[in-house]
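Reader: I would like to learn how to read the enclosed and open spaces of a model, and then a few of its residues. Could we take them one at a time?

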Amino acid sequence: MTPKELKTLYRNERLAARDAIPADERIEKGLAMLAHAGDAIELQPGTIVSGFLPIRSEVDIRPLMARLRERGARLCVPVILDKRTIVFRELVPGASLVSSGFGTAGPGPEAAVLDPQIMLVPLSAFDNTGHRIGYGAGYYDRAIDRLQQKGLNPRLIGIAFDCQEVPSVPAEPHDVRLDAILTESGLNFVSVEIG
């Protein structure tokens, strides 16, 4: 099986497992993530943190994002511009959200575009070394590459449920490794740089 085929298999299996979690259980698991990471993620007032608004069966990290905002973070979320590009628009209280493709919503074009310093990254599957499998479109890989081309090195925290872990993700050259993984069981650092 090629790395691409194995990634597709893992993606389908782990998303099916995530879909099988009852909605009320997903809420409880999301609140557990808040308890594990709300005060543990290191940030200074003004630190730009990208989160995401949940789609499908993703965990709802809005409570975690709210806690990070209380601690001084400046929040943004991804907005799809085209088939290859996402930007991170500032998410301010009371701002209206617009449909932004792929079933997502985000702030409209009037919102400031920010460069995240910490990224809370959704994913399909992950392993305990910090390799992730996204949804297959490569948006985050390209966005992270663009940030790195600007000389920025955002801290990457993968967000998933325990059931999305796989034994080993077949890493390819373009894949970006996570610094930490947050699940309902805890915040696990896989990079010595932030752990």
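Author: Let us begin with the enclosed space: the largest cavity holds about 40 Å³, where a cavity is a set of points on a 1 Å grid over the protein atoms alone at which a 1.4 Å probe fits but cannot get out, and a volume is the space filled by probe spheres set on the points, joined across faces, edges and corners. This is a predicted model, in which local features need pLDDT of at least 70 and side-chain atom pairs count only at pLDDT 80 or more, while totals for chains, interfaces and linings use all residues. Residues are numbered from 1 along each chain as its sequence is written, and side-chain values use heavy atoms, with hydrogens and water left out.

Reader: Which residues line the largest cavity?

Author: Lining residues have an atom within 4 Å of a point; here they include R18, F52, E58, Y135 and F161. By class, the lining has eight nonpolar, one polar and two charged residues, with Ala, Val, Leu, Ile, Met, Phe, Trp, Tyr, Cys and Pro counted as nonpolar, Asp, Glu, Lys and Arg as charged, and the others, Gly among them, as polar.

Reader: Where does the charged end of R56 sit?

Author: A charge sits over a ring if NZ of Lys or CZ of Arg is within 6 Å of the ring centre and within 35 degrees of the ring normal. The charged end of R56 sits over the ring of Y135, 5.0 Å from its centre, and that of R142 over the ring of Y139, at 5.6 Å.

Reader: How much space lies in the largest pocket, and which residues lie nearest its centre?

Author: A pocket is an open set of points with protein on both sides within 12 Å along at least five of seven lines. The largest pocket has about 580 Å³ of space and is lined by 30 residues, with G134, Y135, G136, A137 and G138 nearest its centre. Helix α1 gives the most to this lining, four residues, helices (H or I, at least four residues) and strands (E, at least two) being DSSP runs numbered from the N terminus.

Reader: Is A137 buried or exposed?

Author: Buried means under 20% relative accessible area, exposed over 50%, and partly exposed in between, with a 1.4 Å probe and protein chains only. A137, in the loop between β9 and α4, is partly exposed because its relative accessible area is 33%, whereas D141, in helix α4, is buried at 16%.
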